[in-house]
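Student: I should like a close examination of a single part of this model, namely the metal site and its surroundings. Please give one connected account, starting from the interior and working outwards.

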Amino acid sequence: MAELKALIFDVDGTLADTERDGHRVAFNAAFAAAGLPWDWTVERYGELLDVTGGKERIAYFMEKHRPAGRAAVSSKAQIAALHAAKTQHYIQMLGSGVIPLRAGVERVISGARRVGVRLAIATTTTPDNVRALLESTLGEEAWSWFEVIGAGDVVPAKKPAPDIYCWVLDRLSLTPDEVMAVEDSANGLNAAWAAGIRSVLITTNDYTRGQDFRRAPYVVSGLGDEGAPLVRLAGDLPPTTHLSIADLQALHARLF
Ligand code: XBP
Ligand code: MG
């Protein structure tokens, strides 16, 4: 039986619903400020989310949709500058407290701290964004609760490549069987899976609900709260309105 030693959280879509009303809006603000006539609608952004990483997403958009004005951001450096402006918009938005954590996230994080399950993050987003989200939702100290934060360009290949999970496992000095990954997307699931992690809990959201999660042992609509009960979507899950850290420890142990 493999004991659960650490929880590795994805960020966007998992800790908080940041994509539609956060990142998307910040991309559009950066485009407008740069004089680019681009507007990523809610629907289009859903399609663009197939590509992880903001810089990679901009490059993919230009390649696929050939929008007007793309010549102005044709080099890697120009894309990076546009993306840096987007990051500033995004951090400013988070600072004003517009994006809360998803239901149950705070409960599971504090439960893990209480029982000594270590905490880590594996995300494709920019490190400054992770810090801004943690600070605006959990306070200034929260950053230090996470022993390892793997984010953005610390690895060359983003999810669904396994690199970020391998990087985090390496720094935690843990094997894949000692951790549970909490993810919201197929790209995230496939990244964890490719790194050898079999204990994956998917918490779906509006953008990811229809994705292929067949590999995941557990799929729920969220971690749940008493006021916002979870829906069990796949896997042998307890009949509960919300998952506690004890539930996650039991779900993990059952897999090995
Ligand atoms: C989600 C992503 C990110 C964000 C934007 O990351 O793919 O690219 O949409 O962030 P995850 P940046 O679900 O792995 O947390 O613009 O900083 O890349
Ligand atoms: Mg995600």
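**The metal site and its surroundings**

Tutor: G188 is buried, its relative accessible area being 0%. The model is a predicted one, and every value quoted here is computed from it. G188 belongs to helix α9, which covers residues 186-194. In sequence G188 stands 178 residues from D10, yet the C-alpha atoms of G188 and D10 are 7.5 Å apart in space. That pair leads directly to the metal, since D10 is one of the protein donors of the magnesium ion (ligand 2).

The protein donors of this ion are D10 (OD), D12 (O) and D184 (OD). They lie 2.1 to 2.2 Å from the magnesium ion. Along the chain, these donors follow the spacing D-x1-D-x171-D. D10 has a relative accessible area of 5% and therefore counts as buried, the threshold being under 20%. D12 is also buried, because its relative accessible area is 9%.

D184 has a further partner through its backbone. A polar atom in the side chain of T208 lies 2.7 Å from the backbone oxygen of D184. T208 is placed in the loop between β5 (200-203) and β6 (218-220). Although it sits in a loop, T208 counts as buried, because its relative accessibility is 4%.

D10 also connects the metal site to ligand 1. An N or O atom in the side chain of D10 is 2.8 Å from an oxygen atom of ligand 1, while D10 also donates to the magnesium ion through OD. Two other side chains have comparable listings. A polar side-chain atom of E19 lies 2.8 Å from an oxygen atom of ligand 1, and an N or O atom in the side chain of T124 is 2.8 Å from an oxygen atom of ligand 1. Ligand 1 taken alone exposes 450 Å², of which the protein buries 96%.

The shell around ligand 1 may be considered next. It holds 19 residues, and G54, H83, T123, T125 and T126 come nearest. Three helices, α1 (19-33), α3 (54-65) and α4 (76-95), each supply at least two residues of this shell. The largest share, three residues, comes from α1. The space that ligand 1 takes is the largest pocket.

Some backbone details complete the account. One loop that adjoins a helix of the shell contains R66, which is placed between α3 and α4. R66 has a positive phi of about 45 degrees although it is not a glycine. At 49% relative accessibility, R66 counts as partly exposed, because the limit for exposed is over 50%. S173 is likewise not a glycine, yet has a positive phi of about 55 degrees. It lies in the loop between α8 and β4 (179-183). S173 has a relative accessibility of 63% and so counts as exposed.

Finally, the peptide bond from K159 to P160 is cis, with omega near 15 degrees. P160 is found in the loop between β3 (148-151) and α8 (163-172).

Conventions. Residues numbered from 1 in each chain as written. Chains lettered and ligands numbered in written order. Predicted model: local features only at pLDDT ≥ 70, side-chain atom pairs only at ≥ 80, totals over all residues. Heavy atoms only, no water. Donors = N, O, S within 2.8 Å, 3.2 Å for Na, K, Ca; no water. Buried < 20%, exposed > 50% of the residue type's maximum accessible area, 1.4 Å probe, protein only. Near = heavy atom within 4 Å. Polar contact = N/O pair within 3.5 Å; in protein donor to acceptor, adjacent residues only side chain to side chain. Areas by Shrake-Rupley, 256 points an atom, 1.4 Å probe, with all protein chains shown as cover. 1 Å grid on protein atoms, 1.4 Å probe; cavity = no way out; pocket = protein on both sides within 12 Å on 5 of 7 lines; lining within 4 Å. Sits in = over half its atoms within 2 Å of the grid points. Helix = DSSP H or I, 4+ residues; strand = E, 2+ residues; numbered from the N terminus.
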